[in-house]
Protein chains: 2
Amino acid sequence: MQAYPPYLGQTMARGRSSGYEGQREAILQQATALFAEGGYTETSMNQVAQACGLSKPALYHYFRDKTALLVGITEEHVIRLEMVTGQVMAQQLPAKACLQQLIMSFVKEYADAQHAHRVLIDEIRFLQEADRVRILDRERHIVAVFASVICTIRPELQAAGLSKPLTMLLFGMINWMFTWLKSDGKFSYEDMAPIVTDFFFGGLAMVQATSAQENRNELVYSPQ
Amino acid sequence: MQAYPPYLGQTMARGRSSGYEGQREAILQQATALFAEGGYTETSMNQVAQACGLSKPALYHYFRDKTALLVGITEEHVIRLEMVTGQVMAQQLPAKACLQQLIMSFVKEYADAQHAHRVLIDEIRFLQEADRVRILDRERHIVAVFASVICTIRPELQAAGLSKPLTMLLFGMINWMFTWLKSDGKFSYEDMAPIVTDFFFGGLAMVQATSAQENRNELVYSPQ
DNA sequence: CCTACCGATCGGTAGG
DNA sequence: CCTACCGATCGGTAGG
C-alpha cells in the first residue's frame, strides 16, 4: 500500500511495519517493554522515541501524550484477556474442565505478554480516573467469570461470600509467578499451569470442608 | 535529656519525638505512607519534608539521600518479618501447626505494616545493587524457612523441586491480598489467615497426589 | 519531521 | 567547635 517511511530505517532491530496502525502497534510494543523493565514514570518519552527510531515529535504524532501509551498497552492487554476468557467459556465445558482451561489459557497468555501484564499490574495507577475505571471494569468482568465457574463447582461458597476471595487467591498465585518464575529455570509457565490447577482444586475442597464453621476467628474476640 | 528542638513544633499532626533516632523513625513512618500511596519516584523530597514538618535541608540531615529513605523503610520491614519468622520457629511446633502460625503471623504483620510491605514489593527496584541484594537475601532467607517447613510436611516435594514453587504460590496468595482486600468490607486480614491456611493445606495435599505424573502438560505437545 | 526550546520541578547543597 | 536547622538556589532533566 505504502512505502516504508523514509526516515525510520536507521538501526532498528525489530521489523518495521507500514501504515499508521502498524506504526502505532510497533510503538506500543516498544513502550510495553520499556515501561515493564524501567517503570512508567522512570521512562522518558525520548527513550520511547529512540527505541522506535523516531523523534519525540514523531512519537507525539501517534500518541497524544504519555498516558495514551499506557492506556493503549493496558487496554489492549485486558481486552485480550477478556477474549481468551470468552473463547474458553464458549466451549461450554463442565465446570472443572472449564476452570482448568481458564487457568491454562491465562498462564499461557500471561507468558506471551509478560511485559504488558506487568505494566497492567504496576502502572495502572497513573491512568486518569475514567481510563482506569474502564480498564478495572474489564478486569472485574474477568474475575466475575472465574468466580461464577468456581461457584458452579462449589455452590455453597457463594452464600458464604467466599467466591471472590477464593478467586483472588487464584489470581494472586498466578500474578505473583512473574516475580519469581523467571529466575528459576526448573519450571516454565506451562509447567506451572497444571500445578496451579491441582493446587487450586485441592484448596477449594479444603476450604469447602471448613467453611461451615465460618468466621471461626471470632473466637479471638468472643471466646466460646 | 534534651528539650524539644525549638523550630519543630509548627503544625504537625503526629507526635513529636525527642532525639535523633526518634526523629529518624518519625520521618521513615511518614515516607512509608507517602511512597506507598504515591509511589517512590512520584513523591518528592519536598513532600516528605513537608509531611514531617521539616525543611528539606533538615530532612537531609537525617537521610543522606532519597534512596536512604527507601533502604530504611524496606530493610526495617524485612528485618521485622525475619524476626516474626524466628519467633514462630523458636516455638518448635509440629510442622503443620508451625506453618499455620507462620501464615497467621505474616498476615497479621502485613496488616499492621501494609504501607511498608507495598513499598518493599513495588519500589525495591530503585535501590542500588548492594542494598537490593542485601534485602533480597533476607527475603530469600524467609522463603527458605517457609519452604523447609513445607518440606517437613510433605518431604517428597523437595525431590520434585516443588518446595520453592509451592512456597511462592503461598506468598502470591498473601501478597496479592493487598490489591483487593481493602475494598471488600466482608473480610479482614485476620479473617483471611485461616482461609489461606486451609486452602494451602488442601492444595499441598492435592499437588502431592499428582506430583508423580509430573510434567503431564507435555501431553499438549506430544499427544498420547 | 527536525532543532530548538518552554515552564516546572526534580534531587541535592551552598553560605550563614 | 558542635548540633540542628534556615532561606535560597545549584546543575540537570522531565513532559510537552
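Student: Which residues come nearest to DNA strand C?
Tutor: Ser55(A), Pro57(A), Ser44(B), Asp65(B) and Lys66(B), out of 16 residues around the strand (C-beta, placed from the backbone, within 6 Å). Helix H3 (56-62) of chain A, helix H2 (45-52) of chain B and helix H3 (56-62) of chain B each give two or more residues to that surface (helices are DSSP runs of H or I, at least four residues, numbered from the N terminus). The model is predicted: local features need pLDDT of at least 70, side-chain atom pairs 80 or more, while totals for chains, interfaces and linings use all residues. Residues count from 1 along each chain as written, with chains lettered from A and ligands numbered from 1 in written order.

Student: Which helix gives the largest share there?
Tutor: H3(A), with four residues.

Student: Ok, new topic. What domains does chain A have?
Tutor: Domain 1 (20-63) and domain 2 (67-210), with bounds from an automatic or database assignment. Their C-alpha centres lie 28 Å apart.

Student: How many residues of each are in the contact?
Tutor: Ten from domain 1 of chain A and eleven from domain 2 of chain A (C-beta atoms, placed from the backbone, within 7 Å). On the domain 1 side, helix H1 (residues 20-38) of chain A gives the most, six residues.

Student: And what rotation superposes chain A on chain B?
Tutor: One of 180°, with 0.0 Å of shift along its axis and an RMSD of 0.1 Å (least squares on C-alpha atoms with pLDDT of at least 70 in both). The two copies are therefore related as by a two-fold rotation axis.

Student: Why do the copies meet through the same surface?
Tutor: Because 97% of the interface residues of chain A are also interface residues in chain B.

Conventions
Contact = placed C-beta atoms within 7 Å.
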